[in-house]
Amino acid sequence: MIVRTTAEITETERDITSEDGNWRSKRIILGGDKVGFSFHETTIKAGSVNEFHYANHVEAVWLVEGTGKLIDLDNDKVYELGPGSMYLLNGHERHRVEPDTEMRMLCVFNPPVTGREVHDENGVYPLIEVPA
């Protein structure tokens, strides 16, 4: 059994802020925990523009707080998001998140991230094998 709080991982190697300061991700469960997925609490600043493309991962996102837009860059669709909204990037869609207010979301990645990934110039996380 694993029990963790966001308070205990805050300001550790599991607490990541983007280079531009637009988002912060607290990685609660990572690949090294050996459960087949990773689980994160991510906060994105109001008024920011954030492009992502998880070419190697499927991501599910549940919006807990805040409002904004999700733009599907592959299919030219815009979705309004608010508390209780969920989106699943099961087609590895390139997307942009534009928060009107600060957004706090819970995210699941499969395969799990290890915590060492960094978004490349296209917003993609590399696929890093979790050691056996």
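**Exercise 1.** Is Asp 74 buried, partly exposed or exposed, and at what relative accessibility?

*Solution.* Keep in mind that this is a predicted model. Start with the cut-offs: buried means under 20% relative accessible area, and exposed means over 50%. Asp 74 comes out at 38% relative accessibility, so it counts as partly exposed.

**Exercise 2.** Find which residue Asp 74 pairs with in a salt bridge, and say where the two partners sit.

*Solution.* First, the partner: Asp 74 forms a salt bridge with Arg 94, and their closest N and O atoms are 2.9 Å apart. Next, the places: Asp 74 is in the loop between β6 (68-72) and β7 (77-81), while Arg 94 belongs to strand β9 (residues 94-99), so the bridge ties together parts that are 20 residues apart in sequence. Last, check Arg 94 itself: with a relative accessible area of 36%, this residue is partly exposed.

**Exercise 3.** Work out which parts of the chain the Arg 104 and Glu 41 salt bridge links.

*Solution.* Begin with the contact, where the closest N and O atoms are 2.8 Å apart. Arg 104 is in strand β10 (residues 103-110) and Glu 41 in strand β3, 63 residues apart, so distant parts of the chain get linked. Now look at exposure: Arg 104 is partly exposed at 23%, whereas Glu 41 counts as buried at 12%.

**Exercise 4.** Name the residues that join Asp 33 in a salt-bridge network.

*Solution.* Take one pair to start: the side chains of Arg 4 and Asp 33 meet at 3.0 Å, N to O. Then follow the shared partners, and Arg 4, Arg 14 and Asp 33 form one network. For the bigger picture, the whole structure has nine salt bridges.

Key. Residues are numbered from 1 along each chain as its sequence is written. This is a predicted model: local features need pLDDT of at least 70, side-chain atom pairs count only at pLDDT 80 or more; totals for chains, interfaces and linings use all residues. Side-chain values use heavy atoms; hydrogens and water are left out. A salt bridge is a side-chain nitrogen of Lys or Arg within 4 Å of a carboxyl oxygen of Asp or Glu. Helices (H or I, at least four residues) and strands (E, at least two) are DSSP runs, numbered from the N terminus. Buried means under 20% relative accessible area, exposed over 50%, partly exposed in between (1.4 Å probe, protein chains only).
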